[in-house]
Every structure is written in structure tokens, then in C-alpha cells.
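Let's walk through this fold together, one region at a time. Keep the view open and turn it as you read.

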Amino acid sequence: MQLRRLKLERFRLVEWAEFPLEKGANLFTGRNAQGKTTLLEAVHYLSSGRSFRTPRDREVLPHGEQSPVGEHFAACQGTCRDAYAAHEVRVAISPAGKTIWLDGKQLRKLTELWGRLNTVCLLPSDLDLVRGAPAVRRSFLDSLLARTRPDVLQAIGAYAIGLRNRNALLRRAHSMPDAEAEAYEQQMAEHGARTIAARQELVSGLEPLVREQMEALAPAGEHIQLHHETGLPARRGSGAEPAHGDAAALAEQLRALWQGNRREDFQRGSTQHGPHRAEIRITLDGHDARAYASQGQARAVALSLRLAEARWLEQATGQWPVLLLDDVLGELDRQRTGYFVRLLSRPGLQSLLTATDVPDFGSKLPIAARFEVQAGRVRRA
Ligand SMILES: Nc1ncnc2c1ncn2[C@@H]1O[C@H](COP(=O)(O)OP(=O)(O)OP(=O)(O)O)[C@@H](O)[C@H]1O
Ligand SMILES: [Mg+2]
């Protein structure tokens, strides 16, 4: 996939910028706080309708905006191309909300945008994938499923609604709300079972890709493993996770679990077990990476997860996603540099890279276009 042209209007510190992008590596250089990450953030909006920096869209509205009320919005727009067609995507954000257009047609749901321009971001904050709470790893998995499995995306959404309803019911009811809870549990069981099965399948498929990346980035390093802990309690005595497999059996297991825990959940006012509590535990030579990994190891794991994400999307869709590398180049040692040079040289792979300076190995990088970013202005160098 490829982004041909990018435009920003009143987007954070960028008052206006419009420029074409090349196939291959596009490098953006500039001093700190000039707007480099902001450009990648705009591309992420075109890909997913969201920021990677904040869940609050309003934050991208320019500070100190003096323009008339009707003009008080931020926007980004881009032309993207996959193997089949070109699309024009526009995202406009105002204090009242966000509107997205695809080829001139306003979208009703964010999800209608997904898959048109797949991106994978490598960000300094990716260390959270290793060190952060389980929710970070769950959303890493779910965002991959969202882009490759529309049926699972639907199940994840329906489960979340059922869970919200059950929790609200448990909190507001004065006595055990058996009949109503059971109706929600039934719905949650079906969608929860599909979510668990899909996550399990993805973790199994992703693990060899992550391992391959780890071996390339840190040869002779620790053996990495991913374990999907489903969010269901381990069976008493065995200590084992529940058996997967038959979706109907798993749904029945979930239903029985929630029914059995209803009283306790009612007392606590929330659902204690289920796929919303899942964890993707990452181990290095059997040790939990969250606590055990050194800074360098954690960085290698985070990079490996992101690069595995890119490989997964490439395998699932037949096309490389656009890679957005924010401040990654400056941190690479020699070995990893060689690896990234090869990766970014792959035919059909477009990347947008930011750095304060052209990296030392810049001459080896096949840079197709270089841009200078200064005070929110972008100039082809
Ligand atoms: N909503 C906003 N309106 C105006 N300016 C903003 C807004 N949000 C952030 N900024 C400014 O944008 C600048 C940061 O931009 P950005 O993070 O894109 O820079 P950068 O070039 O990536 O910097 P670094 O090299 O340090 O990562 C900061 O100076 C910040 O104050
Ligand atoms: Mg930055």
C-alpha cells in the first residue's frame, strides 16, 4: 500500500502543508518540536480515524486558534493506493466531533475506513507493549484482528456491549438480577468464544513471526514465546487454562462461568472473568518480559512485535502496510541498522521515517525523498 499525497490543514502546529510522497523510504528531518511526529499522526488518522498519541481528538485542534467558528477545525487528507484502486480519505475534526470521507462519501462508522490504508507504527511509546498493562497487548491483538477479520471485529464489539450492559445491570440492581443477566451472558458467551478463538489463532500465527524478527534483531538472544491467557480462571487443581477448540463448548463454558460467578460479580459490581481480562504474556527464556527484560531487550521485543504485525498484514492482505517509524533510526545499533536497511529497501514497501538528522547510515538507506520540517512547515530537501 502506498500514500501518494498528504495534506494537513490547521492540524496541531501545522497550519497548512501539502506534498507528494514517493514509493520507498520518505525521510523527514528537523529539530525537536517542529512537527515531524505530527505528520505521522495525520497519516495514522487517515489509516484508522484515530491518533496514536491521544484518545481525545480535540487535542489536535490548533492552540490559540483565532479563526471564525466555522473554521475551527483541523483536517488531514490523503490519496492512498493499493494494488487495486486509489482512494481519497479526509478526516476533519472540530470541537463537536469528527467526520470522515472516503472518496467524497461521508462514512457512518470508523470501521468502514479500516483496511484502505494499512499502517504499522513504530513509536518510542511501543515499550508499553512489553512493560505496560495487559490492555495494551490486548488492543495490539485486537487491532490486528480488526484489520484482517471483519467477523471477529464484529464479535469483539458485540462482546464489549454485552459486558457493559451486564456490568451496568450488576451495579444498578437492588437484588440478584438473574433473568436479565442471563440474557446478556448468553450474548456475551457467543461473541466471547469467537473472540477467544480468534485471539488464540492469531497468537499462534504471530509467534513464529515475532521469533523470526527477534532472531534478526538480536541473534543468539533469548527464546521468545507468546502465551495467550484467556481471562478465564484456571481450572481448580490443574492450574491449566481452559481447553480451546470447539466454539460451542467454549461458549457453554463461558456461560456456566458467568452464571456460577453471578453472585460474586453482583457483590463486586463488575464481571470478574472473561476475554476482557485476557493477557498476552511474553516470555524470554521462560521469564516474564514485563518484569525481566532489560531496556535493550524490551526495545527489541517491541520492535519485533511491530515488525511481526507488518508481516502479518502483508500475509493476510498480500500487500505491505505503510511503515511509520518515529525516531527509530537514531536508536539502532550496527546490526539492527543493516536489518532495517534491508527491510526498508524491499520492493513494494513504503515507509515514512522521522529523525532529527540524517542517520549515519543514511547513505546506505535507499531514501526516495527527503523533507525538512521546520515550525510546522514541510519542504522537500
Ligand atoms: N494542538 C496543538 N496546537 C499547536 N501546537 C501544538 C499542538 N499540539 C502540539 N503542538 C506543538 O507541536 C510541537 C510538537 O510537535 P511534534 O511532536 O510533531 O514535534 P517533533 O518534530 O516530532 O519533535 P521531536 O523531535 O521532539 O519528537 C510542540 O512544540 C507542541 O507544543
Ligand atoms: Mg517527534
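In this predicted model, begin with two helices, α5 (residues 178-217) and α9 (residues 295-317), whose axes come within 8 Å and cross at roughly 130°. An angle of that kind falls outside the roughly parallel, perpendicular and antiparallel ranges, and α5 and α9 are therefore oblique to each other. The hand of the α5 and α9 crossing is right-handed. To see who makes the contact, look on α5 for Leu 206, Leu 209, Val 210, Gln 213, Met 214 and Leu 217. Their counterparts on α9 are Ala 300, Leu 303, Ser 304, Leu 305, Leu 307, Ala 308, Arg 311 and Trp 312.

Next, follow the chain to strand β12 (residues 322-326). Is this strand mostly covered or mostly open? It is mostly covered, with five of its five residues buried. Val 322, Leu 324 and Asp 326 point one way from β12, while Leu 323 and Leu 325 point the other way, and all of them are buried.

Which strands does β12 pair with? One partner is β8 (residues 119-122), which runs parallel to β12 and is joined to it by four bridges; within this pairing, Leu 122 has Leu 325 as its bridge partner. The other is β13 (residues 351-355), also paired with β12 in the parallel sense over four bridges. Here Asp 326 of β12 is bridged to Thr 354 of β13. To get from β12 to β13, the chain passes through helix α10 (residues 334-344), and this β-α-β crossover is right-handed.

Pause at the loop between β12 and α10, where you will find Asp 327. Asp 327 is not a glycine, yet its phi is positive, about 60°. Is Asp 327 buried, exposed or in between? It has 16 C-beta neighbours inside 10 Å and so counts as partly exposed, since 20 or more would be needed for a buried residue.

Ala 33 also has a positive phi, near 60°, and is a residue other than glycine. You can find Ala 33 in the loop between β3 (25-29) and α1 (36-48). With 11 other C-beta atoms within 10 Å, Ala 33 is exposed, because the limit for that class is 12 or fewer.

Finally, turn to an open sheet of six strands, in the order β2-β1-β4-β5-β6-β7, with antiparallel pairing. Its edges are β2 (14-20) and β7 (105-106), each of which pairs on one side only. At the β7 edge, the neighbour is β6 (residues 97-102), paired in the antiparallel sense over two bridges. In that pairing, Leu 102 has Lys 105 of β7 as its bridge partner.

Definitions and conventions: Residues are numbered from 1 along each chain as its sequence is written. Chains are lettered from A and ligands numbered from 1 in the order in which they are written. This is a predicted model: local features need pLDDT of at least 70, side-chain atom pairs count only at pLDDT 80 or more; totals for chains, interfaces and linings use all residues. Two strands pair if DSSP finds at least two bridges between them. A crossover is right-handed if, with the strands pointing away from the viewer, the path from the first strand over the helix to the second runs clockwise. Axes are lines fitted to C-alpha atoms, for helices over the stretch in contact, and angles run from 0 to 180 degrees between N-to-C directions. Angles under 35 degrees count as roughly parallel, over 145 as roughly antiparallel, 65 to 115 as roughly perpendicular and the rest as oblique. A crossing is left-handed if the near helix is turned anticlockwise from the far one by less than a right angle, and right-handed if clockwise. Two residues are in contact if their C-beta atoms, placed from the backbone, lie within 7 Å.
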